[in-house]
Amino acid sequence: MTPAPAEWPSLLDWKRRIFALYARIRSAEDPVGAWADFRRTRDEMFATHPQSPVPAANRELFRLIYFDYDPAARVLGEIAPAEPAHFDIATSGDGTYGFTRVATAAFELAGSECTLDLYWLDGYGGGLFVPFRDATAGRDTYGAGRYLFDTIKGADLGMDGGRIVLDFNFAFNPSCAYDPRWVCPLAPPPNRLDIAIAAGERYSSS
């Protein structure tokens, strides 16, 4: 969606700040310190930035909430090529977004062997997209799932020795969790995990 003429400077500033945040996260030697930076930056942006997904009337009292940091929730996914397959992924609105599954990432978490599909956004520039939904959804976390990667918007946890970094402490809600005016792709069936992942952003509607 093309921004209104008066909005593009603030939208560009939001994107620059998110890209800069994830660059710091990827280069940080201390994951806990990076997580503190992640929380601090997002708290400030959600409360004060013109492009905050939270309605302006609610920003003063709104607070992002998280599970405690869990070192065990940071895992490395073994990437395996997958036959490219197009998916029209359902959104929080009436339409769909087109993605292509480009690979899978296998990892162990909470004693379970898990796999997530890795998607590439169809469209100019593309971008890696990794949504997921786990057993906390609808109870402690947003019912439609959370995101780990959304690189077209700057959310990129990087790679480590050829494996993809899946640090669920940095899992975050899609913008539609805060205001239905945002339309967001949701976690498709292949990325719905049976385990409970008590890490990352929780859900508050207040």
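Which residue in β4 does W120 stand opposite? In this predicted model, the residue facing W120 is L128 in β4, and this pairing is one entry into a sheet that is described below together with two helices and a nonpolar core.

## The sheet and its edges

Seven strands make up an open sheet with antiparallel pairing, and their order across the sheet is β5-β4-β3-β2-β1-β7-β6. Because β5 (146–150) and β6 (159–160) each have a single partner strand, they stand at the edges, and one side of each is left without a neighbour in the sheet.

## From β2 to β5

Strands β2 and β3 are joined by ten bridges in the antiparallel sense, and R101 has Y119 in β3 as its bridge partner. The two strands form a hairpin with two residues between them, and in its turn A110 has a positive phi of about 55°.

The pairing of β3 with β4 is also antiparallel and rests on two bridges. Here Y119, the bridge partner of R101, stands opposite F129 in β4, while W120 stands opposite L128. Six residues lie between β3 and β4 in the hairpin that they form, where G123 in the turn has a positive phi of about 135°.

On to the edge strand, β4 (residues 128–132) is connected to β5 by four bridges, and the two run antiparallel. Within this pairing F129 stands opposite D150 in β5, and V130 stands opposite F149 in β5.

## The setting of β4

Five of the five residues of β4 are buried, so the strand is largely enclosed by the rest of the structure. Both of its faces are covered, with L128, V130 and F132 buried on one side and F129 and P131 buried on the other. F129 thus combines a buried position with a place opposite Y119 in β3 and opposite D150 in β5.

## The helix pair

Helix α1 (residues 8–27) and helix α2 (residues 31–48) have axes that come within 9 Å and cross at roughly 170°, which means that α1 is roughly antiparallel to α2. By class, their contact comprises nine nonpolar, one polar and five charged residues. On the α1 side the contact is made by W14, R17, I18, L21, Y22, R24 and I25, and on the α2 side by A34, D37, F38, T41, R42, E44, M45 and F46.

## The nonpolar core

In soluble globular proteins, nonpolar side chains tend to be buried together. In this model the largest nonpolar core has 54 residues, and those with the most contacts inside it are Y22, F38, F107, L148, L166 and F168. At least two residues of this core come from each of α1, α2, β1 (74–90), β2 (96–109), β3 (112–121), β4, β5 and β7 (163–167).

F38 takes part both in the contact between α1 and α2 and in this core. Leaving aside neighbours within four places in sequence, F38 is in contact with L21, Y22 and I25, and also with Y66, N169, F170 and F172.

Terms used
Residues are numbered from 1 along each chain as its sequence is written. This is a predicted model: local features need pLDDT of at least 70, side-chain atom pairs count only at pLDDT 80 or more; totals for chains, interfaces and linings use all residues. Side-chain values use heavy atoms; hydrogens and water are left out. Axes are lines fitted to C-alpha atoms, for helices over the stretch in contact, and angles run from 0 to 180 degrees between N-to-C directions. Angles under 35 degrees count as roughly parallel, over 145 as roughly antiparallel, 65 to 115 as roughly perpendicular and the rest as oblique. Contact means heavy atoms within 4.5 Å. Ala, Val, Leu, Ile, Met, Phe, Trp, Tyr, Cys and Pro count as nonpolar, Asp, Glu, Lys and Arg as charged, and the others, Gly among them, as polar. Two strands pair if DSSP finds at least two bridges between them. A nonpolar core is a set of buried Ala, Val, Leu, Ile, Met, Phe, Trp, Tyr and Cys residues joined through side-chain atoms within 4.5 Å. Buried means under 20% relative accessible area, exposed over 50%, partly exposed in between (1.4 Å probe, protein chains only).
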